Amino acid sequence: MKVLMVAPPGAGKGTQGVVIASHFDIPHVATGELLRDHVERGTELGRAVGKFLDHGELVPDEVVLEMVRGALEAAKGGGYVLDGVPRTMKQARALHEIAVELDMTADVALHLQVEAAEVVRRLLTRAAVQGRSDDTEEVIRRRLELYYDVTHPILKWYGERGILVSVDAGRPADLVGRHILTALEVMRQMIGGSPDMPRRTIDLTGLGAAFGASV
Ligand code: ADP
């Protein structure tokens with residue numbers, strides 16, 4: 001299973017990325033985590049990107065794409081779940097080219113849909129607990145603005161390619177996780193099916209009540 005996630009900050013990409021990775025036994029590649037690790041270790045790359053992270057700005061495309069190329073090469077022949085990339089249309093196209101080259105194009109673009117007010121609330125709560133340098137109110141506002149301006153529009157492209165799956169991620173994490181795995185299992189069967197089987201966007205965002213009712 002080859003999955004990339006597109007979602008606003010605070011939607012739960014990290015949490016659900018781990019759930020997906022362990023369910024399908026595939027690597028979870030989180031660009032934000034990889035970048036923060038460089039900053040903490042004080043590597044040359046870390047010193048170059050630190051200020052971007054602190055201000056909620058996107059780091060240069062080449063840095064992220066280089067990182068993702070390495071991760072995909074390491075995962076070659078298997079699956080992956082990408083968390084944090086692509087964030088711009090340019091990254092989406094470049095990522096697609098890398099994936100074509102490695103014969104590893106994504107099966108699913110997973111959209112975690114959450115309202116802006118809810119993600120701000122979650123990020124401020126996380127700020128109090130984890131103290132991430134980019135979880136201040138001002139930087140959160142900037143990260144959200146960037147998400148809606150340059151990341152969210154990519155979803156249309158994945159919709160046109162027939163690989164978009166949208167999930168309502170505004171509910172408790174375990175419910176969201178079940179939703180996602182159900183959707184991905186459906187996609188897995190489609191991928192394993194006839195190559196000319198029609199592909200449609202799966203939108204489970206309206207099924208919240210049905211899923212939530214059993215818990
Ligand atoms: P969040 O989704 O909560 O903003 P991440 O951990 O995914 O958190 O990313 C944290 C920061 O890392 C971003 O604000 C940005 O500075 C940088 N970053 C991560 N992925 C990318 C990317 N694909 N392109 C540019 N910058 C990125």
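**Exercise 1. Is Gly46 buried or exposed, and at what relative accessibility?**

Solution. The model used in these exercises is predicted, and every value below is computed from it. Begin by placing the residue: Gly46 belongs to helix 3. Next, take its relative accessibility, which is 4%, and set it against the cut-off, by which buried means under 20% relative accessible area. Gly46 therefore counts as buried. As a last step, look for a residue further back in the chain: Arg36 is 10 residues away along the chain, and the C-alpha atoms of Gly46 and Arg36 are separated by 7.4 Å.

**Exercise 2. Classify Leu45 by its accessibility, and state how far its C-alpha atom lies from that of Val63.**

Solution. Leu45 also has its place in helix 3. Its relative accessibility is 29%, and since partly exposed covers the range between under 20% and over 50%, Leu45 counts as partly exposed. For the distance, compare sequence and space: Leu45 and Val63 are 18 residues apart in sequence, while their C-alpha atoms are 8.3 Å apart.

**Exercise 3. Describe the surroundings of the ligand, beginning with the shell of residues and ending with the area that the protein buries.**

Solution. First, count the shell: 20 residues surround the ligand, and the closest are Lys13, Thr31, Glu57, Gln91 and Arg143. Second, sort these residues by character, which gives 8 nonpolar, 4 polar and 8 charged. Third, ask which helices take part: helix 2 (31-41) and helix 3 (44-55) each supply at least two residues of the shell, and helix 2 gives the most, with 4 residues. Fourth, relate the ligand to the open spaces of the protein, where the space taken by the ligand turns out to be the largest pocket.

Fifth, go through individual atom pairs. On the side-chain part of the list, an N or O atom in the side chain of Thr31 is 2.8 Å from a nitrogen atom of the ligand, and a polar side-chain atom of Arg132 lies 3.1 Å from an oxygen atom of the ligand. From the backbone, an N or O atom of Val59 lies 3.0 Å from a nitrogen atom of the ligand. Finally, consider the area: the ligand taken alone exposes 550 Å², and the protein buries 96% of that.

**Exercise 4. Which side chain makes a polar contact with the side chain of Asp134, and at what distance?**

Solution. Locate Asp134 first, in the loop between helix 6 (116-130) and helix 7 (137-151). The relative accessibility of Asp134 is 8%, so this residue counts as buried. The partner is the side chain of Arg132, with a polar contact at 2.8 Å. Linking this to the previous exercise, Arg132 also has a polar side-chain atom 3.1 Å from an oxygen atom of the ligand.

**Exercise 5. Work out how accessible Glu57 is, and give its C-alpha separation from Arg142.**

Solution. Glu57 is one of the closest residues around the ligand, and its place is in the loop between helix 3 and helix 4 (61-74). With a relative accessible area of 33%, Glu57 is partly exposed; this percentage takes only the protein chains as cover. Along the chain Glu57 and Arg142 are 85 residues apart, and their C-alpha atoms are separated by 7.5 Å.

**Exercise 6. Identify the backbone features at Asp25, at Asp103 and between Val85 and Pro86.**

Solution. Start from the background: most residues other than glycine have a negative phi, and most peptide bonds are trans. Asp25, although not a glycine, has a positive phi of about 55°; this residue sits in the loop between helix 1 (13-24) and strand 2 (28-30), and its relative accessible area of 70% makes it exposed. Asp103, likewise not a glycine, has a positive phi of about 60°. Asp103 is part of the loop between helix 5 and strand 4, and at 69% relative accessibility it counts as exposed.

The remaining feature concerns a peptide bond: Val85 and Pro86 are joined by a cis peptide bond, with omega about 5°. Pro86 lies in the loop between strand 3 (80-83) and helix 5.

**Exercise 7. Is Ala106 buried or exposed?**

Solution. Ala106 is found in the loop between helix 5 (89-101) and strand 4 (108-113). Its relative accessibility is 11%, and Ala106 therefore counts as buried. Tyr158 is 52 residues away from Ala106 along the chain, with 10.0 Å separating the two C-alpha atoms.

Notes
Residues numbered from 1 in each chain as written. Predicted model: local features only at pLDDT ≥ 70, side-chain atom pairs only at ≥ 80, totals over all residues. Heavy atoms only, no water. Near = heavy atom within 4 Å. Polar contact = N/O pair within 3.5 Å; in protein donor to acceptor, adjacent residues only side chain to side chain. Areas by Shrake-Rupley, 256 points an atom, 1.4 Å probe, with all protein chains shown as cover. 1 Å grid on protein atoms, 1.4 Å probe; cavity = no way out; pocket = protein on both sides within 12 Å on 5 of 7 lines; lining within 4 Å. Sits in = over half its atoms within 2 Å of the grid points. Nonpolar A, V, L, I, M, F, W, Y, C, P; charged D, E, K, R; others polar. Buried < 20%, exposed > 50% of the residue type's maximum accessible area, 1.4 Å probe, protein only.
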